[in-house]
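Student: Can you walk me through this structure? I'd like to poke at a few spots and see what's there.

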Amino acid sequence: MKVLGIETSCDETGVAVYDTSRKGADGLLAHAVYSQIALHAEYGGVVPELASRDHVRKLLPLIRQTLGEAGLGVADLDGVAYTAGPGLVGALLVGAGVARSLAWALDVPAIGVHHMEGHLLAPLMEDDPLRGPPEPPFVALLVSGGHTQLVAVEAIGRYRLLGETLDDAAGEAFDKTAKLMGLPYPGGPQLAALAEQSDKAPGQPGAFRFSRPMTDRPGLDFSFSGLKTQVLLAWRDSDQSETTKADIARGFEDAVIDTLAIKCERALDAAACDVLVVAGGVGANRRLRAKLQLMAERRGGRVCFPRPALCTDNGAMIAFAGALRLQAGQHDDAAVHVTPRWDMASLPAVAA
Ligand code: KG4
Ligand code: ZN
């Protein structure tokens with residue numbers, strides 16, 4: 001079945017078509033993302049009302065463009081999937097309204113997808129020529145701008161929360177730390193790029209060492225908000241040169257990455273499992289990917305990531321997650337309904 005996926009939970013409009021008759025990445029017939037970064041940059045963060053209005057402007061043209069790239073017309077669609085939460089309520093309603101209307105007009109089923117389930121399942125779309133896509137049970141690390149969670153995935157749709165952040169999400173910590181050092185919004189990728197500069201002379205990658213929060217006690221929860229205060233103090237007391245800025249960025253990135261890796265390994269031990277799946281915007285971080293890869297190799301296990309473009313928000317993951325549920329016969333009734341706060345553990349299992 002050919003499923004249209006629509007993502008409008010925050011500041012990216014994402015549209016894709018996934019065809020379940022093909023395997024893995026081959027099923028992704030087309031996908032396009034329109035980022036609102038430039039719109040929100042002057043405010044230093046996402047302005048919800050502007051986000052909703054821009055989704056209204058961009059969604060229909062993006063659907064036309066994506067269908068065109070897939071060589072399809074609307075009549076070829078067998079189902080529609082849209083992000084129903086968590087996210088900004090106005091932004092979600094734009095996607096849900098369009099998805100519902102389209103499904104009604106075409107008389108095809110539609111389903112509201114949990115945004116984090118979309119992230120979590122994205123690595124299953126990727127081909128691994130030797131081992132194939134990961135299959136449950138596995139442990140998932142979800143690291144985005146709004147969430148930092150370790151989840152035991154017992155089956156598709158059966159999720160058990162092992163640990164989560166008590167304050168800032170990992171991506172939020174990247175963004176806030178970048179902002180306090182004067183980097184433009186959204187700071188995460190900029191801070192990561194700056195941290196890479198620390199390797200070049202006269203940079204000193206080990207010059208700043210910040211704490212690895214909550215790794216000195218048992219448990220799988222995270223806390224990242226104290227790190228930005230440590231960075232703020234180091235930044236204020238420094239010469240604020242470009243080299244120092246890169247070294248501080250590196251110190252911060254190392255602290256976040258080490259903390260995530262330590263907790264991932266603990267979670268694998270707790271779940272008696274050796275397969276780790278990583279998803280969400282921070283999963284695009286090159287040094288996090290390398291660190292988790294090393295950890296997995298050392299354990300004789302495996303770590304799976306989506307390609308970087310499918311780590312950050314996109315319609316492909318929504319089309320894919322929705323297609324799995326639609327294929328299993330699940331769909332929602334014809335009301336335009338969104339769930340801005342939504343616990344992933346409350347989702348029904350997917351029995352194909
Ligand atoms: O999953 P996502 O696109 O949106 C949410 O659902 O939140 O994640 C966005 C987050 C932002 O906080 C962004 O700064 C962070 O992911 N991010 C990164 C990198 N690329 C995106 N953080 C660190 N390194 C990166 N390369
Ligand atoms: Zn996301």
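Tutor: Sure, let's go through the metal site, some salt bridges, a pocket and a few backbone oddities. Keep in mind that this is a predicted model.

Student: Metal first, then. Which residues are the protein donors of the zinc ion (ligand 2)?

Tutor: His115 and His119, each through NE2, and Asp313 through OD, at 2.0 to 2.1 Å from the zinc ion. Along the chain, the donors are spaced as H-x3-H-x193-D. His115 sits in helix α4 (residues 115-121), while Asp313 is in the loop between β10 (302-304) and α10, so to speak a link between distant parts of the chain, 198 residues apart.

Student: And are His115 and Asp313 buried or exposed?

Tutor: Both His115 and Asp313 are buried.

Student: OK, salt bridges. How many does the structure hold?

Tutor: There are 26 salt bridges in the structure. One of them pairs Glu117 with Arg325, with 2.9 Å from N to O. That pair also ties together distant parts of the chain, with Glu117 in helix α4 and Arg325 in helix α10, 208 residues apart.

Student: Why do Glu117 and Arg325 count as buried?

Tutor: The cut-off for buried is under 20% relative accessible area. Glu117 has a relative accessible area of 1%, so it counts as buried. Arg325 comes in at 5%, so Arg325 is buried too.

Student: Got one within a single helix?

Tutor: Try Asp54 and Lys58, whose side chains form a salt bridge at 3.3 Å, N to O. Both belong to helix α2 (residues 48-70) and are four residues apart, about one turn of the helix.

Student: How accessible are Asp54 and Lys58?

Tutor: Asp54 is buried, at 4% relative accessibility. Lys58 is partly exposed, with a relative accessible area of 23%.

Student: Any other pair like that?

Tutor: Glu172 and Lys176 form a salt bridge, and their closest N and O atoms are 3.1 Å apart. They are four residues apart in helix α5 (residues 170-180), which means about one helical turn separates them. Glu172 is partly exposed at 26% relative accessibility, and Lys176 is partly exposed with 32% relative accessible area. There is a network as well: Asp199, Arg250, Glu253, Asp254 and Arg287 are joined into one by salt bridges that share partners.

Student: Switching topic. How much space lies in the second largest pocket?

Tutor: About 470 Å³. It is lined by 19 residues, and the closest to the pocket's centre are Tyr18, Lys23, Phe320, Leu324 and Gln327.

Student: Which helix gives the most to that lining?

Tutor: Helix α10 (residues 316-327), with four residues. By class, the lining of the second largest pocket has 12 nonpolar, three polar and four charged residues.

Student: And which domains does the lining draw on?

Tutor: Domain 1 (2-122 + 310-346) and domain 2 (132-305) each supply at least three residues.

Student: I also had Leu288 marked. Where is it?

Tutor: Leu288 is in helix α9 (residues 286-299). Leu288 is buried, with a relative accessible area of 0%. Ile257 is 31 residues from Leu288 in sequence, but their C-alpha atoms are 5.6 Å apart in space.

Student: Last topic, the backbone. Which peptide bonds to Pro86 and Pro186 should I look at?

Tutor: The bond from Gly85 to Pro86 is cis, with omega near -20 degrees. Pro86 lies in the loop between β4 (79-85) and α3 (89-106). The bond from Tyr185 to Pro186 is cis as well, with omega near -10 degrees, and Pro186 is in the loop between α5 and α6 (187-197).

Student: Why point those out?

Tutor: Because most peptide bonds are trans, and most residues other than glycine have a negative phi.

Student: So which residue has a positive phi near 55 degrees?

Tutor: Asp107 does, and it isn't a glycine. Asp107 is in the loop between α3 and β5 (110-114), and at 71% relative accessibility Asp107 counts as exposed. Gln240 is another non-glycine with a positive phi, about 55 degrees. Gln240 sits in the loop between α7 (225-236) and α8 (242-270) and is partly exposed, with a relative accessible area of 39%.

Terms used:
Residues are numbered from 1 along each chain as its sequence is written. Chains are lettered from A and ligands numbered from 1 in the order in which they are written. This is a predicted model: local features need pLDDT of at least 70, side-chain atom pairs count only at pLDDT 80 or more; totals for chains, interfaces and linings use all residues. Side-chain values use heavy atoms; hydrogens and water are left out. On a 1 Å grid over the protein atoms alone, a cavity is a set of points where a 1.4 Å probe fits but cannot get out, and a pocket is an open set with protein on both sides within 12 Å along at least five of seven lines; lining residues have an atom within 4 Å of a point. Grid points are joined across faces, edges and corners, and a volume is the space filled by probe spheres set on the points. Helices (H or I, at least four residues) and strands (E, at least two) are DSSP runs, numbered from the N terminus. Ala, Val, Leu, Ile, Met, Phe, Trp, Tyr, Cys and Pro count as nonpolar, Asp, Glu, Lys and Arg as charged, and the others, Gly among them, as polar. Domain bounds come from an automatic or database domain assignment. Donors are N, O and S atoms within 2.8 Å of the metal (3.2 Å for Na, K and Ca); water is not among the atoms, so sites may look incomplete. Buried means under 20% relative accessible area, exposed over 50%, partly exposed in between (1.4 Å probe, protein chains only). A salt bridge is a side-chain nitrogen of Lys or Arg within 4 Å of a carboxyl oxygen of Asp or Glu.
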